[in-house]
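Let's take a walk through this structure together, one region at a time. Keep the 3D view open and turn it as you read.

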Amino acid sequence: MAKPIGAVCNIDCNYCYYLSKQDLLEYKKGCSPEMDEVMLEQYIKNYMEGQNTPEIIFSWQGGEPTMLGLDYFKKIVELQTKYQPSGVKISNDLQTNGTLLDEKWSAFLAEHNFLVGLSIDGPQMLHDAYRTNRAGRGTHKQVMKAVELLHKHNVSFATLTCVNNLTSKNPLEVYRFLRDEVRSPQMQFIPIVEQKTFRTDAPQTGSSSQQLRQGDKRLIPGNSNSIMEPWCVSDEAWGNFLIAIFDEWVQKDIGKVFVQYFEASVETWMGRKNPLCTLGSLCGKGLAMEPNGDVFSCDHYVYPEYKIGNIDTDSLEEMAYSKRQQEFGFAKSRTLTSQCQQCDYQFACYGECPKNRFIKTRSGEPGLNYLCAGWKKFFSHADRALAYILRATGNPVAHGKYSDQMIRTANSAQGAGFNPKF
Ligand code: SF4
Ligand code: SF4
C-alpha cells in the first residue's frame, strides 16, 4: 500500500487515525510530503520486480491521494507501462474521500480500470457529523457528486463506511442509504477503535498488566473516564450494527447486494480461507509505504517501532519476507488468548486485528480484542442462517454449530431426521 502523499489530506475527519502521522513520522522534518518522481519510479520498478504473479495490484492511499493531481496519476500509469513484464496484468486501487473527483478524474479512472474505494458514512447527518472540511463544514454533498460521476463513467468502486459511535446506532439508515441512494456495488464497514493514546503510542506497546478487563465501563466510549476516544464504536454496538444489517440482507438482498463481511463469512463457513486480513489467521501481507520510502509492517502499524526498511536501501521483496515481517504475520495466530483458542468462532475471527487487542479476558489474560463481545454476538447470530444459505445452495457447511459434522453427530445420537430450520 503506497501513500504517495503520506497523511496529507484536504479534509479533517475527527476520527482519522492517519492525520496524526504527520507529527509522528520523520518526513515532517524538512521532507516534502509528496513522493517525488525518482522515488515513485524506484517504487514501481521495485514493486514489480518483487512479484511473479499474473496480476500485480497497486494500492494508492493517503491522506488524500487525489491531492497529487491527475498528472501525477498519469505518470504512475506511464511508469507502470514502462516496467510492465510481458503477459502480466497491472491493476490499481485508489482510496479517496471523493471530494476532488471531477469529470476528468472519473474518465481517467474508468479508462485505466482503477478500483476506487470511496469513503462515505451514510446519510448526510451521519456523514457530516465527522467527515468535515477544514472549515468544519460537512462533505456529504461533494461525495454524493462523486458517486454520480463514478456511476456515470462506469468506474468500479466500493464504499468504505466508518462505524463509529453514531453510525453504529443507525445501522439500517446507513445500509439502506448505501443500497438505495449510493447504489454501492460493494459495501465495506470499518469499526472505529482508537484509544486516547493512539496518536503517539503504537499498538501493543503498553504494559499488559494495565489492560482493562472485558466488561469494564472505562472501555465504553463517551463514559467520563473512558480510555477510548468518544467517536469509537463500543463492542456491543458493533455486534448490533452487523446483526441489524445482516438480517435485512438475508431477508431481502442476498445475491444482490455485496457486503464484504457477509460474503467473507459465507466463504469461511464453507471452509475457505477468510479473504479479509482482519479476520484471517495471518497478518503482514499489506506493507505500507510513506512518501519518503519508509516501509512499515501494516497500514495500522505506521509507528517508528514497526518500520522495516526503506526502498532506497532495501528491496520490497526482502522486506516482505524478512524474519521481522514473518514474525509480525504469524503473531496474529500465535498470540491468541485461551479464550480465543476455545472460542466456537475462532475459525471466523482469529482474534480479529491485533491493533485492537488491548483488553484482558474476564479471567484476567491480556491481549483480547476490544471488539470480541460484538464479534461473538454477530457470529453466533449469523451461524444458523449462514449454514442454511450454504445448504440451500448445495454447498458444504464446514464450521459452526450447524456444520455438516455437527448434524451427522446429532443424527447418530438422536436418530436420523435432525435438520435445524432457519
Ligand atoms: S494488523 Fe490488522 S490490518 Fe494489519 S494485517 Fe494484521 S489484521 Fe490486517
Ligand atoms: S469472538 Fe472473541 S473470543 Fe472468539 S476468536 Fe474472536 S476475539 Fe477471540
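A good place to begin is the open sheet of 3 strands, which are ordered β7-β8-β9 and pair in the antiparallel sense. Its edges are β7 (288-289) and β9 (307-310); each has a single partner strand, so one side of each is left without a neighbour in the sheet. Please keep in mind throughout that you are looking at a predicted model. Between β8 (residues 294-296) and β9 there are 3 bridges, and the two strands run antiparallel. If you would like one pair to click on, try Val295, whose bridge partner in β9 is Gly309.

Now move to another sheet. This one is also open and has 3 strands, in the order β6-β10-β11, but its pairing is mixed. Here β6 (212-213) and β11 (366-369) take the edge positions, each with a single partner strand, so one side of each is left without a neighbour in the sheet. Strand β10 (residues 357-360) is joined to β11 by 3 bridges, in the antiparallel sense. Within that pairing, Ile359 stands opposite Leu368 of β11.

What surrounds ligand 1? You will find Cys277, Thr278, Cys283, Gly284, Gly286, Cys298, His300, Lys332, Cys353, Pro354 and Lys355 around it. By class, this shell has 5 nonpolar, 4 polar and 2 charged residues.

Ligand 2 has its own set of neighbours: Gln339, Cys340, Cys343, Tyr345, Gln346, Cys349, Gly351, Glu352, Asn369, Cys372, Trp375 and Lys376. Three elements, α12 (338-341), α13 (346-349) and α14, each give two or more residues to this shell. Which of the elements gives the largest share? That is α14, with 3 residues. The shell around ligand 2 divides into 6 nonpolar, 4 polar and 2 charged residues.

Helix α14 is worth following further. A pair of packed helices is described by the angle between their axes and the distance between the axes. For helix α8 (residues 235-253) and helix α14 (residues 372-392), the axes come within 6 Å and cross at roughly 20 degrees. Angles under 35 degrees count as roughly parallel, and α8 and α14 are therefore roughly parallel to each other. Their crossing is right-handed. On the α8 side, the contact uses Asp235, Glu236, Trp238, Gly239, Leu242, Ile243, Phe246 and Val250, which meet Cys372, Ala373, Gly374, Trp375, Lys377, Phe378, His381, Ala382 and Ala385 of α14. Sorted by class, the residues of this contact are 11 nonpolar, 3 polar and 3 charged. Cys372 and Trp375 appear both in this contact and around ligand 2.

Helix α9 (residues 260-270) also packs with α14, at an angle of about 75 degrees and with the axes 10 Å apart. That makes α9 roughly perpendicular to α14. Ser265, Val266, Trp269 and Met270 of α9 make the contact with Ala382, Leu386, Ala387, Ile389 and Leu390 of α14. This contact has 8 nonpolar residues, 1 polar residue and no charged ones. Look out for Ala382, which takes part in the contact with α9 and in the contact with α8.

Two backbone details round off the tour. The peptide bond from Gly62 to Gly63 is cis, with omega near 10 degrees, and Gly63 lies in the loop between β1 (55-60) and α3 (70-83). Asn113, in the loop between α4 (103-111) and β3 (115-119), has a positive phi of about 55 degrees although it is not a glycine.

Note on methods:
Residues numbered from 1 in each chain as written. Chains lettered and ligands numbered in written order. Predicted model: local features only at pLDDT ≥ 70, side-chain atom pairs only at ≥ 80, totals over all residues. Axes fitted to C-alpha atoms, helices over the stretch in contact; angles between N-to-C directions. Helix = DSSP H or I, 4+ residues; strand = E, 2+ residues; numbered from the N terminus. Parallel < 35°, antiparallel > 145°, perpendicular 65-115°, else oblique. Left-handed = near helix turned anticlockwise from the far one by under 90°. Contact = placed C-beta atoms within 7 Å. Nonpolar A, V, L, I, M, F, W, Y, C, P; charged D, E, K, R; others polar. Near = placed C-beta within 6 Å. Pairing = 2+ DSSP bridges.
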